[in-house]
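Visitor: I am new to this structure and should like to learn how to read it. May we begin with the ligand and its surroundings?

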Amino acid sequence: MTERITEAAGQAPVVARSDVVVVGGGPAGFAAAVAARREGASVTLLERYPYLGGLAAGGMVLVLDDMHNGNEITTTGLCMEMIERMARIDACVFPPEAERNATLEMHMKWASWGLFDFRAGGKVQPIVMAAAFDPDGWKRVSNEMIAEAGVDVRLNSWFSRAVMEGDRITGVICETKEGRQAIMGGVVVDATGDLDVAVAAGSPHVHGSYMLTTVFRLGGVDTDTAERFRWEEPQRFAELDKQAKKIIGGSWDRWWLKTPLPGVVWCNCPHMVGLDGISVADTTKADFEGRRRIYAMVDFIRANMPGFANCFVVDVAPQLGIRQTRLLIGDYVVTKDDVMDRVWFPDTVARGRDYYTPYRSMLPKGIEGLVVAGRHYSATESAQKNSREIPPCMAMGQSAGIAAALAARRGVSLRAVPVKDICARVRAQGGDPGDIPSANAKLLERAA
Ligand SMILES: Cc1cc2nc3c(=O)[nH]c(=O)nc-3n(C[C@H](O)[C@H](O)[C@H](O)COP(=O)(O)OP(=O)(O)OC[C@H]3O[C@@H](n4cnc5c(N)ncnc54)[C@H](O)[C@@H]3O)c2cc1C
């Protein structure tokens, strides 16, 4: 049995008090904070790391996808605003509408950016609305949007405890270099990705897992040569590509993708299985093992792969690529069938590619004053694997922020906020809450 000590109880100064407290500055938390502030609530946003962005910036996950259902763009709102603003500063690239199709010509033009529908079958994966971006561009635009909205941001603040009054959360405690600090709020949004706040508040949850990845970027890549080689010498390319993948030991079919920076590619690999994304031992192991594999692969491709002779490692993402850890058991648990069958819910408040997120899956059972948004929402492990991309997490965040602001402003419980009011405000903010089902949705129930 693990040896234990008893910690001394102490006091923490209250350093902030606001209508809404958002914990986690990743895609979901950023969207929640901006959306709540735009509804007029005072908002404090807490982030453990010294920058905003979560996996999108620190994790260098550099493609926004799962936002198109084959016929229409389904995730708009703050995600689209982020795309447009990053594009204006040359930090984001996406295919123009006329080039979004399943022709080989467009596939050859855009696939190396990762801007295809990766869930579509068929010989040629269609080019759809998706965006490749630069991680520092994300940080820059997030800072601008947060500052414009007037959100009180507290970086370097690591959430550790929930402040509870019975079954209601009334604030949070963060560990900082200045010691423990209390941040009190009317409503708290858990956007930590690992369900830290809800678990500390006593919420039921499951402990899921999925592969971990030490994402990295290479510079000095001659991408034109690399692409020509792929298309013009498919057999030799396939042999070398197979060997490179064997060394890295786990990757998607395309292990490198272009970024807006010339000659810089991002590598969504190596994937490592059987590790827990919240275990200190496992995440340490992943960093050491990931870096070992990365440098072994770089030696190989420099010597053998056309286009990569002068490549070098720009950086390994400061944040480990953690896809799934703890998942909420909320008022409703979304299943894989719900996601794959495109089941529409009467209380839908957000959507991804062509699946719908019910408000109930963001509300922790038995806890008041707390709403969750992002990759730890209430879904089964297999459902989450198919519904956790950045755009749907942002859509959830936007709805959570609006719900939190409405509850705080009206002085009512989150469960008493009418879904139609949340959806109306999402639409007013330019988002699509999914309240109107698409033609391909499966309707089990109709809205009252
Ligand atoms: C390797 C990899 C590849 C992926 N590929 C894609 C892709 O190509 N396209 C795509 O759209 N999605 C992709 N995803 C999925 C996507 O990145 C995530 O699901 C998404 O970023 C989740 O957003 P989030 O805000 O819920 O969580 P996160 O991005 O994890 O953000 C959580 C935030 O909370 C902060 N936080 C956590 N704990 C605390 C604490 N205790 N106190 C204070 N702050 C805290 C974190 O630092 C972070 O900023 C990928 C994920 C991984 C790991």
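**The shell around the ligand**

Guide: Helix 1 (27-38), strand 3 (63-64), strand 7 (158-165), strand 17 (321-322) and helix 11 (390-410) each supply at least two residues of the shell around the ligand. Helices (H or I, at least four residues) and strands (E, at least two) are DSSP runs, numbered from the N terminus. This is a predicted model: local features need pLDDT of at least 70, side-chain atom pairs count only at pLDDT 80 or more, and totals for chains, interfaces and linings use all residues. Residues are numbered from 1 along each chain as its sequence is written.

Visitor: How many residues surround the ligand?

Guide: There are 40, and the closest are Gly24, Gly26, Gly54, Gly321 and Gly374. A residue is near a molecule if its C-beta atom, placed from the backbone, lies within 6 Å of it.

Visitor: Where does the ligand lie with respect to the domains?

Guide: Domain 1 (14-67 + 139-209 + 325-436) and domain 2 (211-322) both give residues to the shell, so the ligand lies between them. The domain bounds come from an automatic or database domain assignment. The centres of the two domains, taken over C-alpha atoms, are 31 Å apart.

Visitor: How does one describe two packed helices?

Guide: One gives the angle between their axes and the distance between the axes. Here helix 1 and helix 4 (residues 135-149) pack at about 25°, with axes 9 Å apart. Axes are lines fitted to C-alpha atoms, for helices over the stretch in contact, and angles run from 0 to 180 degrees between N-to-C directions.
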